Amino acid sequence: MSFSDSQLRAYIAGNLPPDHASALEEQIADDQELEARLLAFDREQAAPIRDAFMSAPSPDHIAGLAAALPAAKPRKMIGANFAKIGFAASTLIAAILLGVLITNRPGTAKTWREQVAIYQALYVTDTLSHIAPDPTVLSQELERSSAALGRSLDIDAVRNLDGLSLLRAQVLGFNDTPLVQMAYLSENGVPIALCAVHIGSDPQAGVRAEVLSGLPSVSWSDGQFSYMIVGDIAPSRLERMAQGLQNTL
């Protein structure tokens with residue numbers, strides 16, 4: 001079954017009929033091109049909200065505005081006038097609190113690593129367990145990924161990640177920059193992702209370990225490309241994977 005762009009947008013908005021939504025969810029599990037299209041529309045519709053959030057004032061700025069308000073002189077107010085003033089005051093307080101909450105939102109990604117972790121946190125065992133890796137298909141996926149990324153991804157370097165077999169490779173994106181995600185499953189069924197993106201930064205002598213969206217992760221850069229491994233396994237194992245890839249990628 002094929003899905004039009006308008007149907008994908010309707011699905012994201014929650015307006016697609018239930019039978020079509022179920023068919024889409026079943027098909028997307030095995031159709032990477034359909035998944036990529038859906039993700040593109042999801043990012044497109046989320047952009048205005050993300051931009052609005054990123055332009056929200058800082059808590060210090062809000063506190064300064066509140067402190068600058070002139071002190072109100074005592075007045076006797078009754079009836080409807082009192083109700084209006086009370087409503088205005090509550091609205092001001094709500095606006096200040098909302099600004100603080102938006103500015104300190106934990107789920108808004110600021111870097112490509114945070115965006116990857118937010119996406120990876122949605123993965124469960126069933127997301128990948130149905131995939132039976134085929135060498136020919138994997139080779140084709142890595143060729144497409146290498147072309148999008150602008151550097152070769154040798155299958156021998158990524159086929160085996162500390163004993164875990166590569167299941168698939170796909171091209172995503174961050175701020176109009178191709179981002180390659182390679183997927184693995186641990187022995188216990190924990191989804192692991194190895195990602196690469198052409199975002200230059202200072203070369204790192206070692207790896208950066210951090211927890212993002214509740215998931216342990218490690219990242220590093222060669223000065224031209226940046227890399228990340230993320231998944232809910234021991235940080236020491238992630239670091240071992242990263243050190244091995246630094247020598248082979």
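Which exposed residues does the face of α2 turned away from its buried side carry? In this predicted model, that face of the helix carries Pro18, Asp19 and Glu26. Helix α2 itself covers residues 18-28, and Ala21, Leu24 and Ile28 are buried in it. Seen down the axis of α2, these buried residues fall within an arc of 60 degrees, so they line one face of the helix. A general rule fits here: an α-helix has 3.6 residues a turn, so residues three or four places apart point the same way.

Two further residues, each placed in a helix, can be set side by side in a small table.

| Residue | Helix | Relative accessible area | Class |
|---|---|---|---|
| Thr125 | α7 (residues 125-128) | 33% | partly exposed |
| Arg113 | α6 (residues 112-120) | 17% | buried |

Arg113 counts as buried because its relative accessibility of 17% falls under the cut-off of 20%. Leaving aside residues up to four places away in sequence, Arg113 touches Arg208, Glu210, Leu212, Ser219 and Met228. Among these contacts, Arg208 and Ser219 are bridge partners of each other, with Ser219 lying in β7. Strand β6, made of residues 208-212, and strand β7, made of residues 215-221, pair in the antiparallel sense over 5 bridges. The hairpin that these two strands form has 2 residues between the strands, and in it Ser213 takes a positive phi near 55 degrees.

Thr125, by contrast, is partly exposed, and its contacts include residues that lie far along the chain. Once residues up to four places away in sequence are set aside, Thr125 touches Leu185, Gly189 and Pro191. With Gly189 there is also a polar contact, in which the backbone oxygen of Gly189 lies 2.6 Å from a polar atom of the side chain of Thr125. The C-alpha atoms of Thr125 and Ile192 are separated by 10.0 Å, although the two residues are 67 residues apart along the chain.

The last topic is empty space. Rolling a probe the size of a water molecule over the atoms shows where empty space is left. The second largest pocket holds about 200 Å³ of space, and 16 residues line this pocket, with Gln32, Ile131, Glu141, Leu167 and Arg168 lying nearest its centre. The elements that give two or more residues to this lining are α3 (32-54) and α8 (135-149), and α8 gives the most, with 3 residues.

Technical notes: Residues numbered from 1 in each chain as written. Predicted model: local features only at pLDDT ≥ 70, side-chain atom pairs only at ≥ 80, totals over all residues. Heavy atoms only, no water. Buried < 20%, exposed > 50% of the residue type's maximum accessible area, 1.4 Å probe, protein only. Helix = DSSP H or I, 4+ residues; strand = E, 2+ residues; numbered from the N terminus. Arc of directions from axis to C-beta. Contact = heavy atoms within 4.5 Å. Polar contact = N/O pair within 3.5 Å; in protein donor to acceptor, adjacent residues only side chain to side chain. Pairing = 2+ DSSP bridges. 1 Å grid on protein atoms, 1.4 Å probe; cavity = no way out; pocket = protein on both sides within 12 Å on 5 of 7 lines; lining within 4 Å. Points joined across faces, edges and corners; volume = space filled by probe spheres on them.
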